[in-house]
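Thank you all for making the time this morning. I would like to walk through one structure with you, going slowly from side-chain contacts to strands and then to the pocket.

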Amino acid sequence: MQNVAKTPQAVWEALREGNERFIANRSERPNQDPEYRSLLSVGQSPRVVIFSCSDSRVPVEMVFDLGLGDAFVIRTAGQIIDSSIIASVEYAIEKFDVNLLVVMGHESCGAVRATMEFAEGGSAPNGFQRTIVERVLMSVTEANKRGMVTREDVERQHITETVYQLMARAPGLGQGLIRQSMGIVGLRYNLSEGRVEPVVLNGVH
């Protein structure tokens, strides 16, 4: 990733190539040797921010065959957004001049399932877990308005809503998109295949 041209398109293509290696069981596992670890002790320069669900079945660096220092990774259950997430995205944009933001949801998302069940009259989780359902509910409601009834379609809608929330609430991201120095993609990860499915592409193709 460090040798890739510093453009949104080049970073996106490198991620896709890494995912293809992962799918084919040809992962190179780059940038993990002792010498490289030593270099990282003095600083980092990731090229991409990846905001993903915390699900243990979605190992971000493995999915894209990335090494140490390649990605600034942020994770929450259901990839829900709060002020600390926006601050983390803004930090990576300003501090490291990253070229791409990836929002990655996945197949069989428990947060989406729980929210769909709640929207159909079920009970919400207790305690702080209720926040997850409340944050995903907007996406479920919007999906229902659009006639989407399958969990797969709702998962895609939640990824889309998350992308556009970040675009609206993270000023540095919007400015980067205008300058064409940044892109943003929304992806849905297929657990069984290991493949990432593009849902939203902005600033890349």
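**Salt bridges, strands and a pocket**

Let me begin with Asp55, which forms a salt bridge with Arg57, the closest N and O atoms being 2.7 Å apart. Please keep in mind throughout that what we are looking at is a predicted model. The two partners differ in their surroundings, in that Asp55 is buried, with a relative accessible area of 17%, whereas Arg57 is partly exposed, at 41%.

How many salt bridges does the count come to? The count comes to eleven salt bridges, and I will pick out a few of them. In one of these, the side chains of Asp65 and Arg21 meet, with 2.7 Å from N to O. Asp65 sits in the loop between helix 3, residues 60-63, and strand 2, while Arg21 belongs to helix 1, residues 8-23, so this pair ties together parts that are 44 residues apart in sequence. Both Asp65 and Arg21 are buried.

A second example is the salt bridge in which the side chains of Glu134 and Arg130 meet, with an N to O distance of 3.2 Å. Here both residues lie in helix 6, residues 130-145, and they are four residues apart, which is about one turn of the helix. Glu134 is partly exposed, with a relative accessible area of 47%, and Arg130 also counts as partly exposed, at 37%.

There is also a network of salt bridges, and the residues linked in it are Asp153, Glu155, Arg156, Arg188 and Glu197. I would ask you to remember Arg188 from that network, since Arg188 will come up again when we reach strand 4.

Let me turn now to the strands. Strand 1, which covers residues 48-53, is mostly covered, six of its six residues being buried. With strand 2, residues 71-76, strand 1 pairs in the parallel sense over six bridges, and within that pairing the bridge partner of Val49 is Phe72. Strand 1 is also joined to strand 3, residues 100-106, by five bridges, and these two strands run parallel as well. If you follow that pairing along, you will find Val48 standing opposite Leu100, and Phe51 with Val103 as its bridge partner.

Is strand 3 mostly covered or mostly open? Strand 3 is mostly covered, with seven of its seven residues buried. The covering extends to both of its faces, with Leu100, Val102, Met104 and His106 buried on one side and Leu101, Val103 and Gly105 buried on the other. Beyond its pairing with strand 1, strand 3 is joined to strand 4 by seven bridges, again in a parallel arrangement, and there the bridge partner of Gly105 is Arg188, the residue that we met in the salt-bridge network.

A word on the cysteines, because the count of disulfides comes to zero, the cut-off being a pair of cysteine sulfur atoms within 2.5 Å. Why does Cys53 not form one with Cys109? The sulfur of Cys53 is 4.7 Å from the closest cysteine sulfur, which is in Cys109, and that is too far for a bond. Both residues count as buried, with a relative accessibility of 5% for Cys53 and of 4% for Cys109.

For a contrast in exposure, consider Ser192, which lies in the loop between strand 4, residues 183-189, and strand 5, residues 196-202. Ser192 is exposed, with a relative accessible area of 65%. Although Ser192 and Glu107 are 85 residues apart in sequence, their C-alpha atoms are 8.8 Å apart in space.

Finally, I come to the largest pocket, in which about 180 Å³ of space lies. Which residues line the largest pocket? Its lining is made up of Phe22, Asn25, Ser27, Arg29, Gln32, Glu61, Met62, Asp65, Leu66, Gly67 and Leu68, and these residues divide into four nonpolar, four polar and three charged. You will recognise Asp65 in that lining, the residue whose side chain meets Arg21 in a salt bridge, and I will leave that view on the screen while we talk.

Note on methods. Residues numbered from 1 in each chain as written. Predicted model: local features only at pLDDT ≥ 70, side-chain atom pairs only at ≥ 80, totals over all residues. Heavy atoms only, no water. 1 Å grid on protein atoms, 1.4 Å probe; cavity = no way out; pocket = protein on both sides within 12 Å on 5 of 7 lines; lining within 4 Å. Points joined across faces, edges and corners; volume = space filled by probe spheres on them. Nonpolar A, V, L, I, M, F, W, Y, C, P; charged D, E, K, R; others polar. Buried < 20%, exposed > 50% of the residue type's maximum accessible area, 1.4 Å probe, protein only. Pairing = 2+ DSSP bridges. Salt bridge = Lys/Arg side-chain N within 4 Å of Asp/Glu carboxyl O.
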